[in-house]
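Let's walk through this one together, starting from the inside and working outwards. Keep the model open as you read.

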Amino acid sequence: MTATPKVAALRGGHVTLAAAADAFLATQRTANPNTHRAYASAIDRVVTLLGRDRPLAEVADAEVGQALAELWGASAPATWNRNRAAVASWLLWCQAKMHWAAPSVPADAERRKETADETRAVAKTIIHRLLSRRGIPLREKTLWRMLYETAARAAEILALNVEDLDLKRGAGLDAAALGGAAHTPPESNCHPQPDRRSLYGCGWSWRCMCTPCRCTYRRRCPPPTRACPRCHSRSPAGSAGS
């Protein structure tokens, strides 16, 4: 005589979508701030679309699939997969952990194939070789260097004026000009600054013997002031290149 298997009764028919989402986001699995932010963004948008005060047990699987398609159907595969996984994890937690009557992500809302991004950052040596070529206009060199050093968008750099350069901060860019935090070239980059030379329009540079910089610049004519762009100290008299 075989034993009758026990069936756990589902409960939580009165639990709303908002309450179920809040309970899940308060668990230890979303304790990490980044994880919590990613899960909360996806789940809250689905809950808002389906109705925050709606009972969880009344939502059908097809409705979850429709909400996912409406919110992220036209997004990139990585975005779709990330948000779908967050919603699926939430609903599975409601079913398995809390034993609530909850819907599932339907089978037709399956994961999408992602294409690996093979883009690689341009090596600094390649940038330096490009900037050392004589046949490239100074404006292009300035654009390339500023894009590389600031990580700003091309449209932001092209919209800059000379007044947006903060020379007191070592050729940094004014925060308001880029719509965010100030961008400053790293101090370890001891090379001629095309944006500084463009202010004078003569392609100048000089030899700086100050400590700790000890960098060497040589161009056609000396700058109006012989101060190192890195440490701002004066170089010895007669050190400018001809």
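A nonpolar core here is a set of buried Ala, Val, Leu, Ile, Met, Phe, Trp, Tyr and Cys residues joined through side-chain atoms within 4.5 Å. Bear in mind that you're looking at a predicted model.

With that in hand, go to the largest nonpolar core, which has 29 residues. Val46, Leu68, Val87 and Trp90 have the most contacts inside it. Four helices each give two or more residues to this core: α1 (17-25), α2 (33-50), α3 (61-72) and α4 (77-96). Of these, α4 supplies the largest share, with 7 residues. Val87 is a good place to zoom in: setting aside neighbours within four places in sequence, Val87 touches Ala42, Val46, Val64, Leu68 and Val105. There's also a second, separate core of 5 residues, including Leu143, Met146, Ala152 and Leu160.

Next, follow the chain out of α4 into the loop that leads to α5, where you'll find His99. Most residues other than glycine have a negative phi. His99, which isn't a glycine, has a positive phi of about 60°. Is His99 buried or exposed? Neither, quite: its relative accessibility is 31%, so His99 counts as partly exposed.

Past that loop, look at how α5 (residues 124-131) packs on α6 (residues 138-150). Their axes are 10 Å apart, at an angle of about 160°. Angles over 145 degrees count as roughly antiparallel, so that's what α5 and α6 are to each other. The crossing is left-handed. On the α5 side, Lys124, Ile127, His128, Leu130 and Leu131 make the contact, and α6 answers with Lys141, Trp144, Arg145 and Tyr148. By type, the contact residues split into 5 nonpolar, 1 polar and 3 charged.

Notes. Residues numbered from 1 in each chain as written. Predicted model: local features only at pLDDT ≥ 70, side-chain atom pairs only at ≥ 80, totals over all residues. Heavy atoms only, no water. Axes fitted to C-alpha atoms, helices over the stretch in contact; angles between N-to-C directions. Parallel < 35°, antiparallel > 145°, perpendicular 65-115°, else oblique. Left-handed = near helix turned anticlockwise from the far one by under 90°. Contact = heavy atoms within 4.5 Å. Nonpolar A, V, L, I, M, F, W, Y, C, P; charged D, E, K, R; others polar. Buried < 20%, exposed > 50% of the residue type's maximum accessible area, 1.4 Å probe, protein only.
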